[in-house]
Amino acid sequence: MRWLWVIGLLAACAEPATSLDAGRASSAKACEDCHAEEAREHARSAHAGAFTSPLFAREWALAPSAFCARCHAPRVANALDEPELAARGVDCETCHLDGDTVRATRVTGTAPHPSRVDPALATTDACRGCHQVDFPSSPGQALQDTVAEWEAAGAPGGACQRCHMPRAGTRRRHDFPGARDQETLARALDVRVSAAHDGWSTQATLALEAAGAGHAVPTGDVFRRLVVRASDDAGGERAVELGRHFVFSDGAPWRPLRDDRVPAVGVREVTLRLRGRASRVRWAVEHWSVPPETAARTGLPRETLHRELARGALDVPATDGARAP
Ligand code: HEC
Ligand code: HEC
Ligand code: HEC
Ligand code: HEC
Ligand code: HEC
């Protein structure tokens, strides 16, 4: 009996993606059937939604391209021909299968499938192919720059897996917590805030440091933004958007304008000036999947595109120029 489904699995693995699906339909065991915990975690990960996430789906509908499918539907040669397999996004097979063999960091010898140790799976090389890439139209201009940010900073925090596949007993979590996980997001930055009167205005200064991230914050997609806000009790508010800013022009490559994200190493200081001499200042740092005004145009629920990273309030010392500790 055992060998029956093992053969089914082997046949499934040995052939390209289509026959694996055919194998599934004819009751061959899929990874998910035997690795329930990994499967449950993976199902709620961004990887599982790489092709179906509403933001990606919007862009894909406008301009489907093989370039995008390479990372968002890595299992298929042509995502338009194989929509079901494309919808699996970045799945178990994408990261673990090498021909008919399962790649692993440790081999127990008890698996009903061939496995081999691949040390690269425990390193950043397992992530590089998708998390580092240039604009196809502009070689040298990064579209995804996370791995280079991490390398340039001296590999803070160790390999990506250390933070994004935290240990759960002897296993590693497969939901890949990142910016869309409130706990992980809350760890990303150290925020130090001071406020002082300056003439007839109040100046709030936020010093942001990426102490809990291995890369710039926000990292990843080019449209990610941090919004830094300060407000007073009288309803005055100031905000800035930190991110990678580009100049768009039809047909031509995007031209980088500036990158004012919180760097992987060092401090990003943001100063916000409120009108009037406030006695108390509230502040907030928010992570946005796309800039706020773009978010409003997508028609997608705001809470799926926006999350709070940190917030607080402080009293402003009464004297001119004085700074709170
Ligand atoms: C019929 C059940 C079954 C199927 C199907 C299956 N596995 Fe396994 N796998 C096991 C068992 C049992 C082990 C031994 C360790 C354990 O109990 O988790 C194992 C071990 C592993 C390991 C650790 C390395 C090793 O050999 O000990 C990895 C990684 C793995 N499987 C990935 C996969 C992936 C990816 C797929 C789909 C392509 C898959 N497995 C399909 C049952 C299965
Ligand atoms: C984005 C890549 C990626 C995807 C997708 C992925 N894995 Fe893994 N998996 C890894 C890496 C990396 C490790 C090893 C981590 C380490 O030991 O440093 C691993 C480890 C494992 C292990 C060993 C035990 C453990 O949990 O650490 C099993 C079993 C496993 N994966 C099964 C699966 C299954 C089943 C799926 C699909 C539901 C899946 N993986 C999807 C990258 C991935
Ligand atoms: C085959 C391509 C591919 C590989 C390999 C890959 N990723 Fe991803 N990853 C993606 C895509 C695509 C997304 C974005 C999905 C989305 O947002 O819809 C993503 C998203 C993520 C996120 C974002 C989670 C969030 O909630 O915001 C993290 C973290 C991540 N990957 C970590 C890793 C790590 C660590 C590895 C290596 C062990 C890895 N990835 C390997 C393609 C890949
Ligand atoms: C020291 C811990 C740490 C390390 C190491 C680390 N990250 Fe992260 N990562 C974070 C935190 C915290 C966030 C949330 C803040 C953010 O989005 O920048 C994050 C966010 C992400 C996101 C989500 C971006 C989004 O917009 O949803 C991706 C993708 C990602 N990391 C990939 C990687 C990759 C690839 C590596 C390895 C080169 C890596 N990370 C190394 C902590 C880490
Ligand atoms: C080399 C791999 C790669 C290629 C090629 C690629 N992407 Fe991505 N994409 C990623 C990764 C990795 C992320 C996740 C980073 C993050 O979470 O910030 C991502 C995130 C996204 C997101 C955000 C999804 C969400 O749910 O928040 C969109 C939208 C997107 N990509 C669109 C595209 C489009 C359109 C193309 C083709 C023009 C494309 N990507 C090409 C790797 C790639």
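How do strand 4 and strand 5 pair, and over how many bridges? Strand 4 (residues 132-135) and strand 5 (residues 138-145) run antiparallel to each other and are joined over 4 bridges. Pairing here requires that DSSP finds at least two bridges between two strands. Strands (E, at least two residues) and helices (H or I, at least four) are DSSP runs, numbered from the N terminus. Within this pair, Q132 faces D145 of strand 5, and the two strands make a hairpin with 2 residues between them.

A word on conventions is useful at this point. The model is predicted, with local features needing pLDDT of at least 70 and side-chain atom pairs counted only at pLDDT 80 or more, while totals for chains, interfaces and linings use all residues. Residues are numbered from 1 along each chain as its sequence is written, and chains are lettered from A and ligands numbered from 1 in the order in which they are written.

Turning to the ligands, 19 residues surround ligand 5, and S53, C68, C71, V133 and G220 come nearest. A residue is near a molecule if its C-beta atom, placed from the backbone, lies within 6 Å of it. Helix 5 (54-62), helix 6 (66-72) and helix 9 (125-131) are the elements that each provide two or more residues to this shell, and helix 6 gives the most, with 5 residues. The shell around ligand 5 holds 8 nonpolar, 7 polar and 4 charged residues. In this classification, Ala, Val, Leu, Ile, Met, Phe, Trp, Tyr, Cys and Pro are nonpolar, Asp, Glu, Lys and Arg are charged, and the others, Gly among them, are polar. Domain 1 (2-128) and domain 2 (182-315) each supply at least three residues to the shell around ligand 5, the domain bounds being taken from an automatic or database domain assignment.

Around ligand 4 there are 30 residues, of which G157, C160, C163, G214 and G220 come nearest. Two or more residues are contributed by each of helix 9, helix 10 (146-152), helix 11 (160-164) and helix 12 (182-187). Helix 11 has the largest share, 4 residues. By class, the shell around ligand 4 comprises 12 nonpolar, 13 polar and 5 charged residues.

Elsewhere, 5 strands build an open sheet with antiparallel pairing, in the order 12-11-10-14-15. Strand 12 (255-259) and strand 15 (306-315) are its edges, each pairing on one side only. Strand 11 (residues 237-247) pairs with strand 12 in the antiparallel sense over 4 bridges, and H245 has R258 in strand 12 as its bridge partner.
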